[in-house]
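New notebook page. I want to look up how the chains meet, what surrounds a few residues, and how charges and cysteines are placed.

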Amino acid sequence: MAIKKLLIANRGEIAVRINRAARELGIATVQVYSRADKDSLAVRLADEAIDIGPPQASKSYLNQAVILDAARSTGADAIHPGYGFLAENAEFAAAVEAAGLIFVGPTAQSIRLMGDKVAAREAAAAAGVPTVPGSAGRLETAEAAFALVDKTGFPVMIKAAAGGGGRGIRIARSADEFHHLMPQAQAEALAAFGDGGLYVEKLIEGARHIEVQVLGDGHDVIHCFERECSLQRRRQKVWEEAPSPSLAPAVRETLCASAVALAKAVNYRGAGTLEYLYDDSTHEFYFLEMNTRIQVEHPVTEMITGIDLVREMIRIAGGERLRIRQDEVRVCGHSIEVRINAEDPSKNFMPNPGTVSALSVPTGDGVRFDTMLYQGYTVPPFYDSLLGKLIVHDKDRPSAIRRLERALAELQVEGLATTKPLHQALARDAEVQAGRFHTAWLEPWLESHAAALTAPPPAAKVAP
Amino acid sequence: MTTQQIFSPLPGIFYRKPAPDKPVYKNDGDVVADSDTIGLIEVMKSFNEVKAGAAGKILRFLAENEEAVMAGQPIAEIDV
């Protein structure tokens with residue numbers, strides 16, 4: 001059943017992106033919006049738009065009943081959840097299908113399976129995909145923990161089973177340290193969480209974040225190679241690129257094959273991403289989790305492969321089989337995406353909503369700007385701070401970085417502070433240029449480069 | 001005694017509680033110190049505390065819990 005009218009259950013740049021893909025497929029669009037988004041670009045572009053409630057996401061974009069009503073009342077036959085909000089909500093995916101509509105994404109069962117950390121880890125192990133060595137579940141005694149650590153080797157992380165958000169973590173680098181820290185960790189877990197249960201995981205130091213993009217139709221799965229997203233602040237990605245500058249061809253092949261094996265094992269349907277930690281000193285990779293949705297950084301994959309991932313996921317949801325064979329997916333050149341957020345990097349990334357008084361968007365060969373902005377638009381304070389994504393593509397990584405600098409210089413967003421100065425400083429950094437970074441690299445760099453983020457960046461040579 | 005207003009420093013969502021399952025920071029009639037937190041403003045997923053800004057007694061809240069507020073909007077009245 002081909003989709004005729006698609007309801008977009010999201011906002012911001014991804015809503016704009018989905019609208020464009022749908023339009024190119026000849027599908028009519030319905031944009032839902034909260035009252036804070038009635039002037040949004042997504043609303044302006046859609047064929048129809050429908051008010052789903054107040055600004056608070058819990059009362060609008062997360063309100064499943066209201067979104068389903070909007071689909072029924074507008075005659076939409078499919079719902080695209082974008083990323084965030086309801087994108088990985090198994091209950092919503094099931095409710096959409098129960099209402100006789102198409103959910104543009106995987107089945108509720110796939111979402112549920114991959115959303116459960118233990119189940120996902122078990123599925124990975126069953127498919128032969130390595131996971132971070134450690135205890136599969138909680139360990140009650142120090143003896144049991146030590147027996148395990150003896151096998152994984154040091155350093156290890158001792159984590160409280162009931163903890164979260166980085167709380168209740170100890171790092172042990174030797175057996176002595178382990179014996180010293182284990183009782184402490186247990187006592188602390190008991191005091192803080194009322195549960196002394198612990199688990200142990202090998203600490204992968206200086207690991208890089210690499211993820212593989214897959215597309216499945218419920219029968220077959222292909223990969224569209226990997227992205228590297230190691231530059232992160234508070235676990236939020238700020239700069240993403242493809243291909244990864246750190247993978248040797250043989251490792252890339254094994255990594256991508258492992259992602260396909262796991263996605264096939266769960267009969268995956270739609271666009272998905274398998275996230276890994278990669279240790280480039282040992283060339284080992286470990287599966288972390290699967291994101292069962294389109295991701296923010298999908299454009300870098302589109303730029304190097306020429307595959308329109310959003311169009312493909314809509315086609316698959318409409319009942320088509322994969323139209324691309326694995327041997328037709330080829331990497332051409334290098335692509336980098338930087339996230340332009342309404343945050344002031346010189347003031348500890350303070351959010352900065354406001355009105356866009358002037359906007360100048362970079363153009364030219366190999367430059368793409370996926371955004372929700374237009375001149376005169378007032379960015380609401382109620383949602384995340386992503387304003388747009390600047391994506392460049394060029395023949396190789398050094399050329400792509402130079403193109404990124406050129407495009408950043410052309411990008412002018414006036415009226416609010418953005419993270420553009422951060423990206424300009426990163427593009428100029430020798431370590432970034434050499435591809436020498438890992439997931440814990442950016443935060444200390446920000447501490448030592450505070451001045452670079454307050455100094456005015458070099459003026460654009462080409463003023464439009 | 002004079003009545004003074006506490007204004008929201010930022011645009012966003014106003015919360016009277018530190019977490020949904022916690023009690024409100026302050027009730028009408030509570031005595032507050034200058035540095036006491038009376039609520040939170042969520043702006044672009046970051047949470048910022050709103051301080052009383054003066055010592056006195058809370059007369060009433062002008063913004064509801066989880067209400068969308070603008071920067072500079074009065075959110076409570078205190079007797080100083």
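**Entry 1: where the chains meet**

First a reminder to myself: this is a predicted model. I started at the boundary between the chains and looked for salt bridges, and the rule finds one across the interface of chain B and chain A. The partners are B:E66 and A:K59, with their closest N and O atoms 3.8 Å apart. I also got two residue pairs in polar contact across this interface.

Next I asked which parts of chain B do the touching. Strands β2 (12–15), β4 (37–43) and β7 (67–69) of chain B each supply at least two residues of the side that touches chain A. I sorted that side of chain B by residue type and got six nonpolar, two polar and four charged.

How many residues make contact? I noted twelve from chain B against 15 from chain A. The two chains bury about 1,000 Å² between them, and 72% of that is on carbon and sulfur atoms. B:I13, B:M44 and B:E66 supply 52% of the area that chain B buries against chain A, more than any other three residues. So B:E66 turns up twice on my page, because B:E66 also forms the salt bridge with A:K59.

**Entry 2: A:T305**

I moved to A:T305, which lies in helix α10 (residues 298–305) of chain A. Is A:T305 buried or exposed? It counts as buried, at 15% relative accessibility. A polar atom of the A:T305 side chain lies 2.7 Å from the backbone oxygen of A:T301. On the A:I307 side, I found the backbone nitrogen 3.2 Å from a polar atom of the A:T305 side chain. Leaving out residues up to four places away in sequence, A:T305 touches A:C224, A:V329 and A:R330.

**Entry 3: A:I324**

A:I324 sits in the loop between α11 (309–317) and β14 (334–341) of chain A. I have A:I324 down as buried, at 16% relative accessibility. Beyond the neighbours within four places in sequence, A:I324 is in contact with A:I222, A:I307, A:E312 and A:V329. For A:E312 I also checked the C-alpha separation from A:I324: 9.5 Å, with their positions twelve residues apart along the chain.

**Entry 4: cysteines**

I searched the whole structure for disulfides and got zero over all chains. Why is A:C224 unpaired with A:C256? The sulfur of A:C256 is the closest cysteine sulfur, but at 9.4 Å it is too far for a bond. A:C224 is buried, at 0% relative accessibility. A:C332 is in no disulfide either, as the nearest cysteine sulfur, in A:C224, is 14 Å away. I marked A:C332 as partly exposed, at 48%.

**Entry 5: salt bridges**

The count over all chains comes to 43. I picked out A:D37 and A:R11, whose side chains meet at 2.6 Å, N to O. Each of the two sits in a loop, A:D37 between β2 (28–33) and α2 (41–45) and A:R11 between β1 (5–8) and α1 (12–24), so the pair ties together parts 26 residues apart in sequence. A:D37 is buried at 1%, and A:R11 is buried at 9%.

Then I took A:E24 and A:R311, 2.9 Å apart at the closest N and O atoms. This pair links helix α1 to helix α11 of chain A, so it ties together parts 287 residues apart in sequence.

In chain B I noted the salt bridge of B:E77 and B:R60, at 3.3 Å.

Methods:
Residues numbered from 1 in each chain as written. Chains lettered and ligands numbered in written order. Predicted model: local features only at pLDDT ≥ 70, side-chain atom pairs only at ≥ 80, totals over all residues. Heavy atoms only, no water. Contact = heavy atoms within 4.5 Å. Buried area = accessible area lost by both parts, 1.4 Å probe. Salt bridge = Lys/Arg side-chain N within 4 Å of Asp/Glu carboxyl O. Polar contact = N/O pair within 3.5 Å; in protein donor to acceptor, adjacent residues only side chain to side chain. Helix = DSSP H or I, 4+ residues; strand = E, 2+ residues; numbered from the N terminus. Nonpolar A, V, L, I, M, F, W, Y, C, P; charged D, E, K, R; others polar. Buried < 20%, exposed > 50% of the residue type's maximum accessible area, 1.4 Å probe, protein only. Disulfide = S-S within 2.5 Å.
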